[in-house]
Amino acid sequence: MIQFDAVHKLFPNGTTAVHDLSLALPEGGVTVLVGSSGCGKTTTLRMINRMVEPTSGTIRVGGKDVQEQDAAELRRSIGYVIQQSGLFPHRTVLDNIATVPLLLGWGRRKARARAAELLETVGLAPEAGRRYPHQLSGGQQQRVGVARALAADPPVLLMDEPFGAVDPVVRTQLQDELLRLQKELSKTIVFVTHDIDEAVRLGDRIAIFRTGGHLIQCAEPAELLARPADDFVADFLGAERGLKLLSLRTLADVPQGAVPEGGTWTLVLDEARKPLHWASKDAELPVRPLQDTDSLLSALNESVASPTGLIARVDAAGVLTGVSSRDDIHEHANRAHTEVVAA
Ligand SMILES: Nc1ncnc2c1ncn2[C@@H]1O[C@H](COP(=O)(O)OP(=O)(O)OP(=O)(O)O)[C@@H](O)[C@H]1O
């Protein structure tokens with residue numbers, strides 16, 4: 001869908017920001033560009049919508065060379081979200097979201113109706129539409145930024161550190177929202193971040209760059225974590241590479257059974273069979289039930305914290321479906337490891 005061929009960017013001051021980049025970004029997937037500061041991520045992103053022009057090489061979007069298209073038209077056909085939301089401060093939220101549809105000549109009524117619909121899509125209340133950007137929290141402003149980028153339903157979305165300026169809790173919420181939206185919309189997304197955990201969480205593919213604009217490796221997260229191309233990539237992925245691999249696997253295939261009888265600890269349930277806590281003769285300890293969609297990493301963590309080494313499994317309504325042992329989880333973790341490392 002987006003194809004870089006031998007793309008080079010040399011700024012007039014002599015800085016090579018991107019070095020001979022050839023890379024294909026698949027349609028309908030999220031490709032995350034990561035790497036240390038100044039390695040050329042933003043320049044790579046901005047060459048896609050011609051906010052920066054390459055020195056040589058070609059970039060095609062949907063098979064069409066971007067250089068052969070009108071730059072303003074191209075920009076209107078590609079969604080763009082940046083760190084500080086980039087909203088117009090003197091326009092209401094609704095008018096901000098309606099910006100591109102209005103530029104495309106949709107007419108005020110249709111553009112505002114679309115903006116109102118998008119407010120809901122990104123999880124904001126209708127009243128937020130009448131406010132000005134400074135009257136919203138940082139996280140809400142980023143949601144508006146995403147809504148604005150989606151307004152004309154572009155097939156491609158460029159996101160430059162969109163969640164970089166919000167606190168970790170809001171950041172996780174925004175990541176969840178993006179994953180939810182992407183399931184529905186299947187956009188081709190190019191996402192820049194410094195944060196490898198964010199990359200592993202969001203990326204269908206991750207491209208790692210090194211200073212001087214060199215692409216070192218581009219692969220699916222599991223492949224990257226299991227087989228980093230070199231020490232630079234391994235260092236960048238961090239010491240918890242193995243645990244990150246477990247964060248990509250879910251509990252779904254781990255077997256579960258009934259709570260064993262006659263032990264020191266029992267799992268106490270409420271009348272709807274939702275787990276309340278672990279109880280022994282003289283103590284009570286909290287339980288954090290997990291669903292099939294939770295990761296093997298959360299399961300391992302919970303099994304280590306659990307007094308019995310067992311984790312409580314629940315369905316989407318929170319009702320107990322069974323328990324799994326630390327051994328069951330370990331065995332699956334081993335299998336996950338063998339599958340990717342030996343593949
Ligand atoms: N307009 C410009 N003129 C000259 N040099 C530039 C220009 N824009 C970027 N650079 C340089 O090009 C290199 C790549 O910059 P770029 O912003 O693409 O990196 P980045 O990986 O996105 O960095 P960061 O993570 O810090 O945002 C850096 O050395 C930067 O200083």
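Me: How many residues of domain 1 are in contact with how many residues of domain 2?

Reply: 7 residues of domain 1 are in contact with 9 residues of domain 2, where contact means that the C-beta atoms of two residues, placed from the backbone, lie within 7 Å. This is a predicted model: local features need pLDDT of at least 70, side-chain atom pairs count only at pLDDT 80 or more, and totals for chains, interfaces and linings use all residues. Residues are numbered from 1 along each chain as its sequence is written.

Me: What makes these two stretches domains, and where do they run?

Reply: The bounds come from an automatic or database domain assignment. It divides the protein chain into domain 1 (2–247) and domain 2 (266–342). Their C-alpha centres lie 36 Å apart.

Me: Which helices supply the side of domain 1 that touches domain 2?

Reply: Helix 9 (221–226) and helix 11 (241–247) each supply at least two residues of that side. Helix 11 has the largest share, with 4 residues. Helices (H or I, at least four residues) and strands (E, at least two) are DSSP runs, numbered from the N terminus.

Me: Why is G28 called partly exposed?

Reply: G28 has 13 other C-beta atoms within 10 Å. A residue is buried with 20 or more other C-beta atoms within 10 Å of its own, exposed with 12 or fewer, and partly exposed in between, with C-beta atoms placed from the backbone, so a count of 13 falls in between. G28 is found in the loop between strand 2 and strand 3. Leaving aside neighbours within four places in sequence, G28 is in contact with S186 and T188.

Me: How do you know whether helix 6 is enclosed or open?

Reply: 11 of its 13 residues are buried, so helix 6 is largely enclosed by the rest of the structure. Among the buried residues are Q140, R143, R148 and L150. The buried residues pack against strand 6 (78–82), helix 3 (93–97), helix 4 (99–103), helix 5 (108–121), strand 7 (156–160) and helix 7 (168–185).

Me: How do you know what helix 6 should span?

Reply: The expected span is 1.5 Å times one less than the number of residues. For the 13 residues of helix 6 this gives 18 Å, and the end C-alpha atoms are 19 Å apart, which agrees.

Me: What makes a set of residues a nonpolar core, and which members of the largest one touch the most others?

Reply: A nonpolar core is a set of buried Ala, Val, Leu, Ile, Met, Phe, Trp, Tyr and Cys residues joined through C-beta atoms within 7 Å. The largest here has 84 residues, and I48, I97, A147, A151, L158 and V190 touch the most other members. Helix 6 (residues 138–150) gives the most to this core, with 5 residues. Domain 1 and domain 2 each contribute at least three residues to this core. As for V190, its contacts beyond four places in sequence are I2, L25, T31, L33, L45, I48 and L158.

Me: What makes strand 7 and strand 8 a pair?

Reply: Two strands pair if DSSP finds at least two bridges between them. Strand 7 and strand 8 (residues 188–192) are joined by 5 bridges and run parallel, so the criterion is met. M159 has F191 in strand 8 as its bridge partner.

Me: Why are strand 6 and strand 10 said to stand at the edges of their sheet?

Reply: The open sheet has 6 strands in the order 6-7-8-3-9-10, with mixed pairing. Strand 6 and strand 10 (214–219) each have a single partner strand, so one side of each is left without a neighbour in the sheet. Neighbouring strands are turned by 15 degrees against each other on average, direction ignored.

Me: How does helix 1 run relative to strand 8?

Reply: Helix 1 (residues 41–48) runs at about 150 degrees to strand 8. Such angles run from 0 to 180 degrees between N-to-C directions, with axes as lines fitted to C-alpha atoms, for helices over the stretch in contact. Helix 6 also packs on the sheet, touching strand 6 and strand 7, and its direction makes about 165 degrees with that of strand 6.

Me: What makes strand 11 an edge strand?

Reply: Strand 11 (266–269) pairs on one side only, as does strand 13 (284–286). Their open sheet of 3 strands has the order 11-12-13 with antiparallel pairing. The twist averages 40 degrees from one strand to the next. Strand 11 is joined to strand 12 (residues 275–279) by 4 bridges.
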